[in-house]
Amino acid sequence: MLLLAKILFFLALVLSFTGLLSPPLALTIGILFGLGFTHPYAAATRTSARILLQVCVVALGFGMNLHEVLKAGRGGFVYTALGISFALLAGLAPSIFEVRGNSSFLITAGTAICGGSAIAAIAPILHADDQEMSVSLGTVFILNSVALLIFPPIGAALHLSQSQFGLWAALAIHDTSSVVGAAAKYGPQALVIGTTVKLARALWIVPLALATAAIKGSKSKIDGASKSRSESRVTAESRIGGETKTGHETKIQFPWFILFFCLAAVFNTYFAATSGFSRSLFTLGRLGLTATLFLIGTGISRSTLEEVGWRPMLQGVLLWAVVGITSLYFIRIGLIAL
């Protein structure tokens, strides 16, 4: 059975790179593989998918015009700021779902900014445990996969323009991979707008991480002061342990691949003589993205579905629905437009 899983895994991965599979189909095949087989390379696939996604986003920049990128980025930065604020307020409202520990905040951060990347950045700051990380990533991951499959048909049914769909995908879908996959399926203009606005949205990881660290640090100091007043005797060993814990610093990683995406757009815009080279890299980026979606899909397993549970999933679904429907409404009436 393990040998069969390895053969099917590599066969589907190669097919994803050939361009014979569309991004939604590659994701679907990945999900079916994850549900039907024990993943033979689960840990390596998670790492590979993250790196490949960043490389593919940079490669897609070679198919973008800098002027279009800047135009979409300027407006997108404002819209993403408003959308993120709305998502955070909605997600941090008193929860009726009783989601355990840090999971509720992580799901909210993932929905507001960029799915798994935001969760990975915020979780160490909150000192989230493995269970909280798994539940949060699983919830956002499942919804992210669903979004890639249903957004293009919904956009077509509502007769959204490519500009409208690109904006909607960028504001309402969790991860960059699915935004780019859905937008590429819808059309070239949707791809430019969706990718650029989504990357502007991803930049908000840094301010959110800094704010979370500041709030967490303040709370830790207050809790530490209260605890020290309540304890009459503390051993030297426990003091050292406490200082080590409260002095722990979490490094916030800037998403540098966004900068390289912009540099690729500069190269494509001002070096027309190398247009053939740029087109080749752009094509490789799209093929690589399809393979990335397959790898991501293989991460959904039966144990993932069981581990998430209904409470986090319900919170994630409702928050995602509120963000998606609200952003779609404002785009349809023309209040959000590029």
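Thr 290 touches Ser 16, Leu 21, Ser 22, Pro 23 and Ala 26, leaving aside residues up to four places away in sequence. In this predicted model, Thr 290 belongs to helix α14. Is Thr 290 buried or exposed? Its relative accessibility is 5%, so Thr 290 counts as buried. The link back to the start of the chain also shows in the backbone: the C-alpha atoms of Thr 290 and Leu 15 lie 9.5 Å apart in space, although 275 residues separate the two in sequence.

**The overall picture**

The protein has 338 residues, and 46% of them count as buried. Its secondary structure consists of 16 helices, with zero strands. Links such as the one at Thr 290 fit a wider pattern: among contacts with a separation of 6 or more, 85% join residues 24 or more positions apart.

Another long-range pair involves Arg 74, which sits in helix α4 (residues 66-92). Its C-alpha atom is separated by 8.6 Å from that of Val 197, and the two residues are 123 apart along the chain. Unlike buried Thr 290, Arg 74 counts as exposed, with 58% relative accessibility.

**How far to trust it**

If you plan to work with these coordinates, a look at the confidence is a friendly place to pause. The average pLDDT of the protein is 80, and 86% of the residues score at least 70. Where is confidence highest, and where is it lowest? Helix α8 (residues 162-172) has the highest mean, at 94, whereas helix α12 (residues 236-246) has the lowest, at 38. Over residues 225-248, pLDDT stays under 50, and the model has two contacts beyond four places in sequence for this stretch.

**Helix α9 and its two partners**

Helix α9 (residues 176-186) crosses both helix α14 (residues 275-297) and helix α10 (residues 188-202). The two crossings can be set out side by side.

| Helix pair | Axes come within | Crossing angle | Handedness |
|---|---|---|---|
| α9 and α14 | 10 Å | roughly 125 degrees | left-handed |
| α9 and α10 | 7 Å | roughly 165 degrees | right-handed |

The axes of α9 and α14 cross at roughly 125 degrees. That angle makes α9 oblique to α14. With α10, the crossing is at roughly 165 degrees. An angle over 145 degrees counts as roughly antiparallel, and α9 and α10 are therefore roughly antiparallel to each other.

Which residues form these contacts? On the α14 side, Arg 286, Leu 289, Leu 293 and Ile 296 meet Ser 177, Ser 178, Val 180, Gly 181 and Ala 184 of α9. On the α10 side, Ala 190, Leu 191, Gly 194, Thr 195, Lys 198 and Leu 199 meet a set in α9 made up of Thr 176, Val 179, Val 180, Ala 183, Ala 184 and Tyr 186. Val 180 and Ala 184 appear in both sets of α9 residues.

**A mostly covered helix**

Helix α5 (residues 103-112) is mostly covered, with nine of its 10 residues buried. How is the buried set made up? The buried residues are Ser 103, Ser 104, Leu 106, Ile 107, Thr 108, Ala 109, Gly 110, Thr 111 and Ala 112.

**Two histidines with positive phi**

His 127 lies in the loop between α6 (116-126) and α7 (130-157). Its phi is near 55 degrees, a positive value in a residue other than glycine. His 159 is found in the loop that joins α7 to α8, and it too has a positive phi, of about 55 degrees, without being a glycine. How exposed are these histidines? His 127 has a relative accessible area of 47%, so it is partly exposed. His 159 reaches 69% relative accessibility and therefore counts as exposed.

**Cysteines**

A disulfide is a covalent bond between the sulfur atoms of two cysteines. How many disulfides does the structure hold? The number is zero. Two cysteines can still be described by their accessibility. Cys 56 counts as buried because its relative accessibility is 3%. Cys 262, with a relative accessible area of 30%, is partly exposed.

Note on methods. Residues are numbered from 1 along each chain as its sequence is written. This is a predicted model: local features need pLDDT of at least 70, side-chain atom pairs count only at pLDDT 80 or more; totals for chains, interfaces and linings use all residues. Side-chain values use heavy atoms; hydrogens and water are left out. A disulfide is a pair of cysteine sulfur atoms within 2.5 Å. Buried means under 20% relative accessible area, exposed over 50%, partly exposed in between (1.4 Å probe, protein chains only). pLDDT is the predictor's confidence in each residue, from 0 to 100. Helices (H or I, at least four residues) and strands (E, at least two) are DSSP runs, numbered from the N terminus. Contact means heavy atoms within 4.5 Å. Axes are lines fitted to C-alpha atoms, for helices over the stretch in contact, and angles run from 0 to 180 degrees between N-to-C directions. Angles under 35 degrees count as roughly parallel, over 145 as roughly antiparallel, 65 to 115 as roughly perpendicular and the rest as oblique. A crossing is left-handed if the near helix is turned anticlockwise from the far one by less than a right angle, and right-handed if clockwise.
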